[in-house]
Amino acid sequence: LRNKLMSMSAIASLSVDVDKLINVPLNRDGVNSPQYNEIVQNLLAIKNSNSCIKYIYTLTKTDEPGKWRFIVDPDPAFVYDQAFSGTSSYPGDFYDASRFPEMIAAYDGPTADKKIVMDEWGPALSGYAPIKDKLGKAVAVLGIDIDAGNVYALQRSVLLRSAFILFVGILF
């Protein structure tokens with residue numbers, strides 16, 4: 001699952017137009033910029049093509065270690081007004097990435113959490129990949145979160161399949 005997350009995030013990061021991404025205004029009005037909206041459409045297409053993706057977003061470092069800023073999150077508060085009362089993020093909102101070493105390591109290459117992690121959005125398993133400029137320098141990170149419920153369901157499925165194979169082996 002970690003390998004799948006790393007592959008998904010690496011492939012998705014290649015589809016992000018880095019020139020548009022770095023020109024998204026890092027403030028709440030950034031959601032109204034054409035760059036933001038074009039990247040949102042791209043990220044939503046990726047999310048909608050894979051039902052296990054709960055969240056997909058982009059973040060960038062700041063000068064303060066471990067303190068990052070959201071650039072594009074296709075699920076800002078106005079989408080949730082009627083159906084969701086949880087946390088949301090806008091361009092420029094800060095995020096404490098110091099809690100997630102795999103996220104920080106993503107500036108060097110694709111990576112994924114080693115175990116389910118908990119943040120403001122709930123329990124998830126996440127994959128990350130760098131978004132690089134034309135010179136190959138990482139300017140941001142794309143994150144993909146899979147809901148922990150999906151991870152637990154996959155674990156149960158593997159356990160049941162293993163138990164069935166063991167049972168058939170014993171009968172044989």
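Tutor: Let's begin with a term: two residues are in contact when heavy atoms of theirs lie within 4.5 Å. Keep in mind that this is a predicted model. Among the contacts in the protein between residues at least 6 apart in sequence, 58% join residues at least 24 apart.

Student: What secondary structure does the protein have, and in which order do the elements run from the N terminus?

Tutor: The protein has six helices and seven strands. From the N terminus on, the order is α-α-α-β-β-α-β-α-β-β-β-β-α.

Student: What share of the residues of the protein counts as buried?

Tutor: Of its 172 residues, 44% count as buried. The accessible surface comes to about 9600 Å², and 58% of that belongs to carbon and sulfur atoms.

Student: Let's take one residue. Where is L59, and why is it called buried?

Tutor: L59 has its place in strand β1. Buried means under 20% relative accessible area. The value for L59 is 1%, so L59 is buried.

Student: Which residues is L59 in contact with, leaving aside its neighbours within four places in sequence?

Tutor: They are W68, R69, F70, I71, Y95, M103, A140 and V141. For another view, take L59 and F94, which are 35 residues apart along the chain: their C-alpha atoms are separated by 9.2 Å.

Student: Now helix α3. How do you know that its length agrees with what is expected of a helix?

Tutor: Helix α3 covers residues 34-49, and at 1.5 Å a residue its 16 residues should span 22 Å. The C-alpha atoms at its ends are 23 Å apart, so the two values agree.

Student: Which residues of α3 are buried, and what makes you say that they line one face?

Tutor: The buried ones are Y36, I39, V40, L43, I46 and K47. Seen down the axis of α3, these residues fall within an arc of 125 degrees, so they line one face of the helix. There is a general reason for such a pattern: an α-helix has 3.6 residues a turn, so residues three or four places apart point the same way.

Student: What covers that buried side of α3, and what does the face turned away from it carry?

Tutor: The cover includes α1 (2-14), α2 (18-21), β1 (53-61), β2 (67-72) and β7 (138-147). The face turned away carries the exposed residues P34, Q41, N48 and S49.

Student: How does α1 look when treated in this way?

Tutor: Helix α1 has 13 residues and reaches 19 Å from its first C-alpha to its last, close to the 18 Å expected. Its buried residues are L5, M6, M8, S9, A12 and S13. They cover an arc of only 165 degrees around the axis, so they sit on the same side of α1. On the face turned away from that side are the exposed residues N3, I11 and L14.

Student: On to the charges. Why is the pair of D19 and K134 called a salt bridge?

Tutor: The rule asks for a side-chain nitrogen of Lys or Arg within 4 Å of a carboxyl oxygen of Asp or Glu. For D19 and K134 the N to O distance is 2.7 Å, and the pair counts as a salt bridge. D19 lies in helix α2 and K134 in the loop between β6 (122-132) and β7, so the pair ties together parts that are 115 residues apart in sequence.

Student: What makes K134 exposed but D19 partly exposed?

Tutor: Exposed means over 50% relative accessible area, and partly exposed runs between 20% and that value. K134 has 72%, so K134 is exposed. D19 has 35%, so D19 is partly exposed.

Student: How many salt bridges are there by this rule?

Tutor: The count comes to five. Among them is K20 with E38, at 2.6 Å from N to O. K20 lies in helix α2 and E38 in helix α3, so this pair ties together parts that are 18 residues apart in sequence. K20 and E38 also belong to a network of salt bridges with D17. R99 and D96 form a salt bridge too, with their closest N and O atoms 3.8 Å apart.

Student: Finally, which residues form the nonpolar patch on the surface?

Tutor: F164, I165, F167, V168 and L171 form it, with about 550 Å² of accessible area together. L171 is found in helix α6, residues 148-171. With a relative accessible area of 62%, L171 is exposed.

Technical notes: Residues are numbered from 1 along each chain as its sequence is written. This is a predicted model: local features need pLDDT of at least 70, side-chain atom pairs count only at pLDDT 80 or more; totals for chains, interfaces and linings use all residues. Side-chain values use heavy atoms; hydrogens and water are left out. Patches are made of residues with over 30% relative accessible area and no salt bridge: like charges are joined within 9 Å, nonpolar side chains (Val, Leu, Ile, Met, Phe, Trp, Tyr) within 5 Å. Accessible areas come from the Shrake-Rupley method with a 1.4 Å probe; for residues, only the protein chains shown count as cover. Helices (H or I, at least four residues) and strands (E, at least two) are DSSP runs, numbered from the N terminus. Buried means under 20% relative accessible area, exposed over 50%, partly exposed in between (1.4 Å probe, protein chains only). The expected span of a helix is 1.5 Å times one less than its number of residues. The arc is that of the directions from the helix axis to the C-beta atoms.
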